[in-house]
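Here is a set of questions and answers to work through with the structure open.

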Amino acid sequence: MAFLDIRHLQKSFGALRVVQDFTLGIEKGEFVSFLGPSGCGKTTVLRMVAGFETPTSGAVSIDGHDITGLPANRRKIGMVFQAYALFPNLTVADNIGFGLRVAGQGKAEIARRVGEMLELIGLPQLGSRYPFQLSGGQQQRVALARALAPRPQVLLLDEPLSALDAKIRVSLREEIRRIQRDLGITTIFVTHDQEEALSMSDRVVVMHQGIADQVGTPFEIYNRPATRFVAEFVGTLNLIDADLVDAAAGHVRLGGVPVTLGRPAPGRAGERISLALRPETVALGRDGGDIVLPGRIAEVHFLGPVLRVRVAVEGGGFISLDTFNQADRPPPSVGAPVDISMSHRDLLVLAA
Ligand SMILES: Nc1ncnc2c1ncn2[C@@H]1O[C@H](COP(=O)(O)OP(=O)(O)OP(=O)(O)O)[C@@H](O)[C@H]1O
Ligand SMILES: [Mg+2]
């Protein structure tokens, strides 16, 4: 059994079932993200793990102990929320020491632990400030310190960075991961930001309508999406229509060009299927792989380090590709004829 074991969790609010059948094992010290669109049930699963919500059915255990029936305050779980949830009338130090005071620890011990936590989050001078005297990023660090002070077995973070601006988000996500590694604490991090999930996590759970669509390393999730939903939600994706010539042999026609996928495709000969393709696997010119398609430049978006180019393919449809910016080579002009190329290995055959 995994350290944090979530088994067949379901949750209904009245007739609405928002968590279908959620099963996941998390190893000790692992950092797992829940990634999914608004309303897919991320917070509800987290609240059931924390004990703020009672599951309709299913069980949660930590280190072999079933905690499904335990009240939240006896679970040894620390939680950080999206909105700043610090006590406004308490100093930073008293916020961090709150859980320790509730647990009845002595003054000296609390002061020692608070000092340690302030060091950990890099704010050793700010113990006597009040929350309103802190920036948003500092407040979330204090919230993290408050959650960690009582030495929880599991840390739950519910979109802790979403209210912060872009620069702070990136630096704070690195800091959260560093602290999590230092402490070796088992962590679930909820986000709907795919870059956050991919960059921080040991594993990512992609959630969709109350179920886990796919669980895997960031590399697996991005490169081998199991479902169309995962492929479309994580990263940018081209969906290309192809005519199926021989399903078992994986022969298709792409814009009239015969292509061998090298693996079976679902469906019957004569049907149209959708293939998926990441923009960074397509090249301008003929040197990007065994499949070459003629087309015309339809749009060019200059994003700084990367150019995103949309090409109208001769046989119909559009393919977007990413190419690195090169200062000595101006972007291609709209309307210009081009060949684009790709490898059949990068074409993803997706389940519905
Ligand atoms: N107490 C409740 N009563 C009724 N419905 C609820 C309750 N809490 C959540 N829901 C519903 O359950 C669904 C899942 O909500 P949840 O908060 O878990 O989503 P989420 O994935 O965290 O979304 P977001 O990314 O917006 O935070 C939503 O449709 C929501 O309206
Ligand atoms: Mg939520």
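**Helix, pockets and cores**

Q: Is helix α1 mostly covered or mostly uncovered, and how many of its nine residues are buried?
A: This is a predicted model. Helix α1 spans residues 42–50. Buried here means under 20% relative accessible area. By that cut-off α1 is mostly covered, and the number of its nine residues that are buried is seven.

Q: Which residues of α1 are buried?
A: Take α1 from its start. Lys42, Thr44, Val45 and Leu46 are among the buried ones. The list is completed by Met48, Val49 and Ala50.

Q: Which residue follows α1, and what is the sign of its phi?
A: The residue after α1 is Gly51. Its phi lies near 95 degrees, so the sign is positive.

Q: Which residues does UniProt list for "domain: ABC transporter", and what share of that stretch is helix?
A: The unreviewed UniProt entry lists residues 4–234. Over this stretch the end C-alpha atoms are 26 Å apart. Strand makes up 26% of the chain there, and helix 36%.

Q: Which element gives the largest share of the lining of the largest pocket?
A: The largest pocket has a volume of about 810 Å³ and is lined by 24 residues. Asn73, Ile77, Gly78, Gly99 and Pro150 lie nearest its centre. Two or more lining residues come from each of β6 (77–80), α3 (98–102) and α5 (136–148). The largest share, four residues, comes from α3.

Q: How many residues in the lining of the largest pocket are nonpolar?
A: Sort the lining of the largest pocket by class. Four residues are polar and five are charged. The nonpolar residues number 15.

Q: Which strand gives the most to the lining of the second largest pocket?
A: The second largest pocket has a volume of about 220 Å³. Its lining has 16 residues, with Ile240, Asp241, Gly255, Gly316 and Gly317 nearest the centre. At least two residues each come from β11 (238–246), β12 (251–254) and β18 (318–324). With four residues, the top contributor is β11.

Q: Which element gives the most to the largest nonpolar core?
A: The largest nonpolar core has 32 residues. Ile96, Val142, Leu144 and Leu148 have the most contacts inside it. Elements giving two or more residues include α2 (92–96), α4 (107–120) and α6 (166–183). The most, six residues, comes from α5.

Q: Which residues does Leu148 touch, not counting those up to four places away in sequence?
A: Leu148 is one of the residues with the most contacts inside the largest nonpolar core. Its partners include Arg113, Met117 and Leu120. The others are Leu155, Ile179, Leu183 and Ile185.

Conventions: Residues numbered from 1 in each chain as written. Chains lettered and ligands numbered in written order. Predicted model: local features only at pLDDT ≥ 70, side-chain atom pairs only at ≥ 80, totals over all residues. Heavy atoms only, no water. UniProt positions renumbered as here; feature names shortened; annotations may be inferred. Buried < 20%, exposed > 50% of the residue type's maximum accessible area, 1.4 Å probe, protein only. 1 Å grid on protein atoms, 1.4 Å probe; cavity = no way out; pocket = protein on both sides within 12 Å on 5 of 7 lines; lining within 4 Å. Points joined across faces, edges and corners; volume = space filled by probe spheres on them. Nonpolar A, V, L, I, M, F, W, Y, C, P; charged D, E, K, R; others polar. Core = buried A, V, L, I, M, F, W, Y, C linked by side-chain atoms within 4.5 Å. Contact = heavy atoms within 4.5 Å.
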